[in-house]
Amino acid sequence: MNPQTPVRTVPVRPAGVGLVQPADPVRQTDPGGIDEHTGHRTGSRADPAIRGRLLIADRVVEKIAAEAVRDIESVGGLWHRFPGRARSAGNDHPPRVSARVGRGTARISMSLSIRYPARIMEICVGVRTRVTGHVADLAGLRVTRLDIDVSALDLGSDPGARVR
């Protein structure tokens, strides 16, 4: 060290004592309270890049779609007795649903049964409207594709019984 160089001394303080931190410009615009335990602001909305992101799983969208359809009167679920042959399970079971979620959108396909006699096209339009509305409201996703497969007709009686 050169003897002619002046030496500056800095007082040492314990961490966090007497230090003033600059205000966060993002949080200044939205007033909020301060949590007593953590000392962090509450109720403020930060930029999405700061606060993180929300991921909705495919299974969540599948459940939302299945529950949306359960309230429609003529629509029911399916069960397979033999491979390749679907049979109606009535309104007790939800329809089979699969979904793919990506970038704020969802692609859904579902297999269901419809009680006979019913207008299949009208019921499918109702299913489409209800499912897209529920997924948008509850998950915040736009449904870009909804495939509806009517795999069985529910005759309202035991399918094994013969009508004379």
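A residue counts as buried under 20% relative accessible area, as exposed over 50%, and as partly exposed in between (1.4 Å probe, protein chains only). The model is predicted, so local features need pLDDT of at least 70 and side-chain atom pairs count only at pLDDT 80 or more, while totals for chains, interfaces and linings use all residues. Residues are numbered from 1 along each chain as its sequence is written, and side-chain values use heavy atoms, with hydrogens and water left out.

**Exercise 1. Describe the secondary structure and the burial of the chain.**

Step 1. Helices (H or I, at least four residues) and strands (E, at least two) are DSSP runs, numbered from the N terminus. The chain has four helices and five strands.

Step 2. Their order along the sequence is α-α-α-β-β-β-β-α-β.

Step 3. Of the 164 residues, 24% are buried.

**Exercise 2. Explain which parts of the chain the salt bridge of D71 and R130 ties together.**

Step 1. A salt bridge requires a side-chain nitrogen of Lys or Arg within 4 Å of a carboxyl oxygen of Asp or Glu. Side chains of opposite charge can pair when their charged atoms come close.

Step 2. D71 and R130 satisfy the rule at 3.1 Å, N to O. D71 lies in the loop between α3 and β1 (75-82) and R130 in helix α4 (residues 120-139), so the pair ties together parts that are 59 residues apart in sequence.

Step 3. R130 is partly exposed, at 29% relative accessible area, whereas D71 is exposed, at 58%.

**Exercise 3. Locate the salt bridge of E67 and R70, and state how accessible its two residues are.**

Step 1. The side chains of E67 and R70 form a salt bridge at 3.6 Å, N to O.

Step 2. Both residues belong to helix α3 (residues 58-70), where they stand three residues apart, about one turn of the helix.

Step 3. E67 is partly exposed at 46% relative accessibility, and R70 is partly exposed at 32%.

Step 4. In total, the count of salt bridges is five.

**Exercise 4. Identify the nonpolar surface patch that contains L153.**

Step 1. Patches take residues with over 30% relative accessible area and no salt bridge, joining like charges within 9 Å and nonpolar side chains (Val, Leu, Ile, Met, Phe, Trp, Tyr) within 5 Å. Accessible areas come from the Shrake-Rupley method with a 1.4 Å probe, and for residues only the protein chains shown count as cover.

Step 2. L153 lies in strand β5 (residues 142-154) and is partly exposed, at 43% relative accessible area.

Step 3. The nonpolar patch consists of Y116, I120, L153 and L155, with about 410 Å² of accessible area together.
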